[in-house]
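Got your viewer open and ready to click around? Load the model, switch on side chains, and follow along.

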Amino acid sequence: PNMDGSFHDDGADDHKSFILMLSEGTNFSGGEFINKTANEVIPFKKGRLIEITGSDIHKGNSFKEKNSVRITISWRTSNT
């Protein structure tokens with residue numbers, strides 16, 4: 001808990017990012033993905049894949065339970 005990510009972008013408008021949400025457990029609260037640019041809050045769901053534009057400002061929140069690990073794998077693409 002209390003290990004939320006910070007807002008950032010992953011690139012430019014012609015980039016795409018794909019974010020895969022993973023965890024060890026199955027019962028947790030928190031862990032949301034926040035896309036500030038799109039004004040979206042996407043609940044954590046194990047195995048969820050999110051696509052965003054590289055210039056979107058975003059972050060991931062931690063789980064609220066102690067010792068619950070939230071893993072995010074990100075891929076970035078470019079048209080150049």
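Here is a tour of this predicted model, one selection after another.

**Stop 1: strand β1 and its partners**

Start by selecting β1, residues 15-23. Now add β6, which covers residues 70-78. These two strands run antiparallel to each other, paired over nine bridges. To see one of those bridges up close, click Ile-19, whose bridge partner in β6 is Ser-74.

Next, bring in β4, residues 49-53. β1 pairs with β4 as well, again in the antiparallel sense, over five bridges. Two spots are good to look at here: Lys-16 has Thr-53 as its bridge partner in β4, and Leu-20 has Leu-49.

**Stop 2: the two faces of β4**

Keep β4 selected and show its side chains. Which residues make up the covered face, and which the uncovered one? Ile-50 and Ile-52 are on the covered face, while Leu-49, Glu-51 and Thr-53 are on the uncovered one. That fits a general pattern: in a regular strand, side chains alternate between the two faces of the sheet.

**Stop 3: the salt bridges**

How many salt bridges does the count come to? The answer is two, so let's visit both, given that a salt bridge here needs a Lys or Arg side-chain nitrogen within 4 Å of an Asp or Glu carboxyl oxygen.

Glu-51 is already on your screen, so begin there and add Lys-16, its partner in a salt bridge with an N to O distance of 3.8 Å. Lys-16 belongs to β1 and Glu-51 to β4, so this contact ties together parts that are 35 residues apart in sequence. Are these two side chains hidden away or out in the open? Something in between: Lys-16 is partly exposed at 33% relative accessible area, and Glu-51 is partly exposed too, at 48%.

For the other salt bridge, select Arg-76 and Asp-10, where the closest N and O atoms are 3.5 Å apart. This pair links distant parts of the chain: Arg-76 is in β6, Asp-10 is in the segment before β1, and 66 residues separate them. Try colouring by accessibility here. Arg-76 is exposed, with 58% relative accessible area, whereas Asp-10 counts as buried at 10%.

**Stop 4: rings**

Now hunt for aromatic side chains. A search of the whole structure turns up one aromatic pair. Select Phe-44 and Phe-63 to see it: the arrangement is edge-to-face, with 4.9 Å from centre to centre and 85° between the planes. Phe-44 comes from the loop between β3 (40-42) and β4, and Phe-63 from the loop between β5 (58-60) and β6, so the pair ties together parts that are 19 residues apart in sequence.

Buried or exposed: which describes Phe-63? Buried, with a relative accessible area of 1%. Phe-44 counts as buried as well, at 11%.

One more ring before moving on: click Phe-7, then Lys-36. The charged end of Lys-36 sits over the Phe-7 ring, 4.9 Å from the ring's centre.

**Stop 5: a nonpolar patch**

Switch to a surface view and select Leu-49, Val-69, Ile-71, Ile-73 and Trp-75. Together they make a nonpolar surface patch of about 440 Å². Which element gives the most to this patch? That would be β6, with three residues. Ile-73 is found in β6, and at 34% relative accessibility Ile-73 counts as partly exposed. You met Leu-49 earlier, as the β4 bridge partner of Leu-20.

**Stop 6: out to the loops**

Finish with three asparagines.

- Asn-39 is in the loop between β2 and β3. Its phi is near 55°, a positive value in a residue other than glycine. Asn-39 counts as exposed, at 73% relative accessibility.
- Asn-67 is in the loop between β5 and β6. Here phi is near 60°, again positive in a residue other than glycine. At 75% relative accessibility, Asn-67 is exposed.
- Asn-27 is in the loop between β1 and β2 (33-35). Its relative accessibility of 71% makes Asn-27 exposed.

For a last click, draw a distance line from the C-alpha atom of Asn-27 to that of His-58. The two atoms are separated by 24 Å, and the residues are 31 apart along the chain.

Notes: Residues are numbered from 1 along each chain as its sequence is written. This is a predicted model: local features need pLDDT of at least 70, side-chain atom pairs count only at pLDDT 80 or more; totals for chains, interfaces and linings use all residues. Side-chain values use heavy atoms; hydrogens and water are left out. Helices (H or I, at least four residues) and strands (E, at least two) are DSSP runs, numbered from the N terminus. Buried means under 20% relative accessible area, exposed over 50%, partly exposed in between (1.4 Å probe, protein chains only). Rings of Phe, Tyr and Trp (its six-membered ring) pair if their centres lie within 6.5 Å; planes under 30 degrees apart count as stacked, over 60 as edge-to-face and the rest as tilted. A charge sits over a ring if NZ of Lys or CZ of Arg is within 6 Å of the ring centre and within 35 degrees of the ring normal. Patches are made of residues with over 30% relative accessible area and no salt bridge: like charges are joined within 9 Å, nonpolar side chains (Val, Leu, Ile, Met, Phe, Trp, Tyr) within 5 Å. Accessible areas come from the Shrake-Rupley method with a 1.4 Å probe; for residues, only the protein chains shown count as cover. Two strands pair if DSSP finds at least two bridges between them.
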